[in-house]
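Where are the open spaces in this protein, and what surrounds them? Take a look at the model before reading on.

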Amino acid sequence: MSDVRIDWSTGELCGVPVRSKHKRLAGMRGAYRDAAAFDALAPEELVYSVQFWMPVREGTPGGLFWGQTTICPGVVGDEYFMTAGHFHAARDRAEYYVTVRGEGGLLLMDEARDTRWERMQPGSVHYIAGGIAHRVANTGDGPLTFVACWHSDAGHDYGTILKHGFSARLRKVNGVPRLVPEDRR
Ligand code: PAN
Ligand code: ZN
């Protein structure tokens with residue numbers, strides 16, 4: 001019997017080795033476009049939670065990690081609640097995302113800063129190639145959950161996104177998601 005189980009109806013993991021992290025609005029200052037809308041929301045509001053299983057030490061060559069991310073429904077101004085987003089520190093490391101429930105958008109940006117997006121819906125399988133920054137936005141009315149599998153030696157480069165952002169944002173325009181190019185910065 002494995003140490004970890006997944007509930008496929010929610011994506012939730014259970015088992016002793018499972019760890020979790022919670023991202024609240026206070027930890028995402030600067031990520032959203034509309035600063036006034038951001039300041040009007042409660043800093044302690046939960047944006048997303050991640051559960052993950054690291055069966056080997058971070059940095060182990062050839063190992064794999066498993067996780068699930070649940071993003072709450074919500075907007076900051078017209079921008080959907082989303083993950084911070086990152087490149088993998090080891091740029092050649094790829095990843096799979098698979099949607100469990102909800103509706104969303106996966107933003108994919110290459111190192112030339114070209115951004116495209118893929119719709120996420122239950123059952124959609126997304127291959128994130130190496131060298132591609134990835135961020136998920138919840139475009140639906142309920143929780144968006146996806147599972148992920150990535151290399152234990154991938155590492156996370158959050159700094160590049162913190163500094164330069166993505167070149168486009170997924171915004172709610174006339175009630176539907178639209179990829180809107182960012183002003184240059
Ligand atoms: C995912 C992400 C998770 C949270 O497990 O880490 O969805 O997003 P941020 O890490 O951008 O906050 C993954 O892509 N791992 O590599
Ligand atoms: Zn990743």
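## Terms and model

Ala, Val, Leu, Ile, Met, Phe, Trp, Tyr, Cys and Pro count here as nonpolar; Asp, Glu, Lys and Arg count as charged; the others, Gly among them, count as polar. The model is predicted.

## The largest pocket

Start with the largest pocket. It holds about 350 Å³ of space. Its lining has 21 residues. Lys21, Val50, Trp150, His156 and Tyr158 lie nearest the centre of this pocket.

Which strands each supply at least two residues of this lining? They are β4 (46-53), β5 (64-71), β9 (95-101) and β14 (144-151). By class, the lining of the largest pocket has ten nonpolar, eight polar and three charged residues.

## The second largest pocket

The second largest pocket has a volume of about 290 Å³. It is lined by 20 residues. Nearest its centre are Ala31, Ala84, Arg135, Ile161 and Leu162.

A helix joins in here: α2 (159-164) supplies at least two residues of the lining. So do the strands β3 (19-24) and β16 (168-173). Seven residues of this lining are charged. Nine are nonpolar and four are polar.

## The enclosed cavity

How many cavities of 30 Å³ or more does a search of the whole structure find? It finds one. About 30 Å³ of space lies in this largest cavity. Its lining consists of Glu79, Tyr80, Met82, Leu107, Arg135, Ala137, Arg169 and Leu170. Two or more of these residues come from each of β7 (79-80), β13 (133-138) and β16.

The cavity lining divides into five nonpolar and three charged residues, with no polar ones. Arg135 links two of these spaces: this residue helps line the cavity, and Arg135 is also among the residues nearest the centre of the second largest pocket. Strand β16 likewise gives residues to the cavity lining and to the lining of the second largest pocket.

## The β10–β11 hairpin

Now turn to a pair of strands. β10 covers residues 104-109, and β11 covers residues 115-120. The two strands pair in the antiparallel sense over six bridges. One bridge partner is known by name: Leu106 is matched with Glu118 in β11.

Together, β10 and β11 form a hairpin. Five residues lie between the strands. In the turn, Arg113 has a positive phi of about 70°. Leu107, in the residue range of β10, is one of the residues lining the cavity.

Notes:
Residues numbered from 1 in each chain as written. Chains lettered and ligands numbered in written order. Predicted model: local features only at pLDDT ≥ 70, side-chain atom pairs only at ≥ 80, totals over all residues. Heavy atoms only, no water. 1 Å grid on protein atoms, 1.4 Å probe; cavity = no way out; pocket = protein on both sides within 12 Å on 5 of 7 lines; lining within 4 Å. Points joined across faces, edges and corners; volume = space filled by probe spheres on them. Helix = DSSP H or I, 4+ residues; strand = E, 2+ residues; numbered from the N terminus. Pairing = 2+ DSSP bridges.
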